[in-house]
Amino acid sequence: MRTFVYDQPASRVIFGLGSLDRLPEEVKRLGASRAIVLSTPEQRTDAEEAAKRLGDMSAGIYPQAVMHVPIETARAARAAAKDLGADCYVAIGGGSTIGLGKAIALETGMPIVAVPTTFAGSEMTPIYGLTEGGVKKTGRDRRVLPRTVLYDPKLTLTLPGKIAGPSGMNAIAHCVEGLYAQDANPIMALLAAEGIRALSRSLPVIVQEPRNLEARSDAMYGAWLAGTVLGNVGMALHHKLCHTLGGTFNLPHAETHTVVLPHAVEFNRHAAVDAIWAAAAALGVNDAAQGLYDLASRLGAPLALKDIGMSADGLDRAARLATENPYYNPRPIEYGGIRQLLENAFWGKRPG
Ligand code: NAD
């Protein structure tokens, strides 16, 4: 008999082409009347478009989000939101912008409306990150979980294939580790498998036909499921390694996930047989580690750490950092195995 705890903090989700049109009524529905719109500098026009739709419910835009939410950026955004008298935060963008919304909401408890434009999944999680003195710390708090999420696949049209592919692989990584999580449960396993199916069938289409809205919609659906899995069950070795490589070696987030995932799955192959079999079935292949490597290759995504800014002389340190504090993983973590995993990922070796 299985035993598990299912305790899902829920968001309201509006999904489909043109969902952004619903922004004003969704802000009103939360009882808010002055929303500040957050974005990165690159997505300023998206923020302006959202503010235009909000009309007199817009308190202004704040297009200053950057990767990993530096504490200085969070403080400046909190001050701007306060000065503008904002009672709601509209975050339009990827994980970096939604992360900035979370950093403000963590202090005020006011609601976030997230409008994701990548497949990273942050909009479905109560996880926040803040970087201080070069060190990124993460935490969980239900106050930062966006109250409402508007998924409008049209907003991903400007995401080129070379960013969309790794972003989708990042989402697949949430699903794969969700399948073998310490606190895995059958509901999240269903979402994880469906997320892998939706993303693995749609991402190659997006890369080949960037204007294909049906495929973009499918990928966004998969990203929603993946984000839900990430927010509900604990992750393991793969996420730990990516956090270390991103934080200490400044490697790009989604690309690091893309390169490491096949090797993390290979490492866990014999310790999480059922979960990894489920991942392979969802990918439609016999071998999950090889299937993930081949999918990344079809997407034209990076396959080797050496190609995304890692230097060979950092591998020993990365292996040490990833093994110095104990954490859950289906297969026990030890230096030699992790060092070999990183070596394989460095050269971009196909698993198996
Ligand atoms: P991102 O938000 O950093 O965006 C990368 C770049 O792409 C930015 O310049 C952004 O403006 C641009 N961009 C985003 N959408 C676009 C679009 N549709 N068209 C054109 N340009 C677009 O990238 P990300 O991968 O979404 O997020 C990565 C960050 O999110 C990392 O810091 C990661 O740690 C965090 N994250 C957090 C969680 C969580 O649960 N807290 C989950 C996943 C990721």
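Me: A polar contact is a pair of N or O atoms within 3.5 Å; in this predicted model, what makes the approach of Q43 to the ligand count as one?

Reply: A polar side-chain atom of Q43 lies 2.8 Å from an oxygen atom of the ligand, and because the cut-off is 3.5 Å, this pair is a polar contact.

Me: How do you know what the side chains of T40 and T118 make with the ligand?

Reply: An N or O atom in the side chain of T40 is 2.6 Å from an oxygen atom of the ligand, and for T118 the corresponding value is likewise 2.6 Å; both fall within 3.5 Å, so each is a polar contact. The protein covers 83% of the 860 Å² of accessible area that the ligand has on its own.

Me: Which residues of the shell come nearest to the ligand, and what is its make-up by class?

Reply: Of the 22 residues around the ligand, T40, S96, T117, T118 and T125 come nearest, while the shell comprises six nonpolar, 13 polar and three charged residues. Helix α4 (residues 95–108) gives the largest share, three residues.

Me: Why are the buried residues of α2 said to line one face of the helix?

Reply: In α2 (residues 44–54), D46, A47, A50, A51 and L54 are buried, and seen down the helix axis the buried residues fall within an arc of 135°, so they line one face. The face turned away from them carries T45 and K52, which are exposed.

Me: What covers the buried residues of α2?

Reply: Their cover includes α1 (23–29), β2 (35–38), β3 (58–62) and β4 (88–93).

Note on methods. Residues are numbered from 1 along each chain as its sequence is written. This is a predicted model: local features need pLDDT of at least 70, side-chain atom pairs count only at pLDDT 80 or more; totals for chains, interfaces and linings use all residues. Side-chain values use heavy atoms; hydrogens and water are left out. Buried means under 20% relative accessible area, exposed over 50%, partly exposed in between (1.4 Å probe, protein chains only). Helices (H or I, at least four residues) and strands (E, at least two) are DSSP runs, numbered from the N terminus. The arc is that of the directions from the helix axis to the C-beta atoms. Contact means heavy atoms within 4.5 Å. A residue is near a molecule or strand if one of its heavy atoms lies within 4 Å of it. A polar contact is a pair of N or O atoms within 3.5 Å; within protein, one must be able to donate a hydrogen and the other to accept it, and residues adjacent in sequence count only if both atoms are side-chain atoms. Accessible areas come from the Shrake-Rupley method with a 1.4 Å probe; for residues, only the protein chains shown count as cover. Ala, Val, Leu, Ile, Met, Phe, Trp, Tyr, Cys and Pro count as nonpolar, Asp, Glu, Lys and Arg as charged, and the others, Gly among them, as polar.
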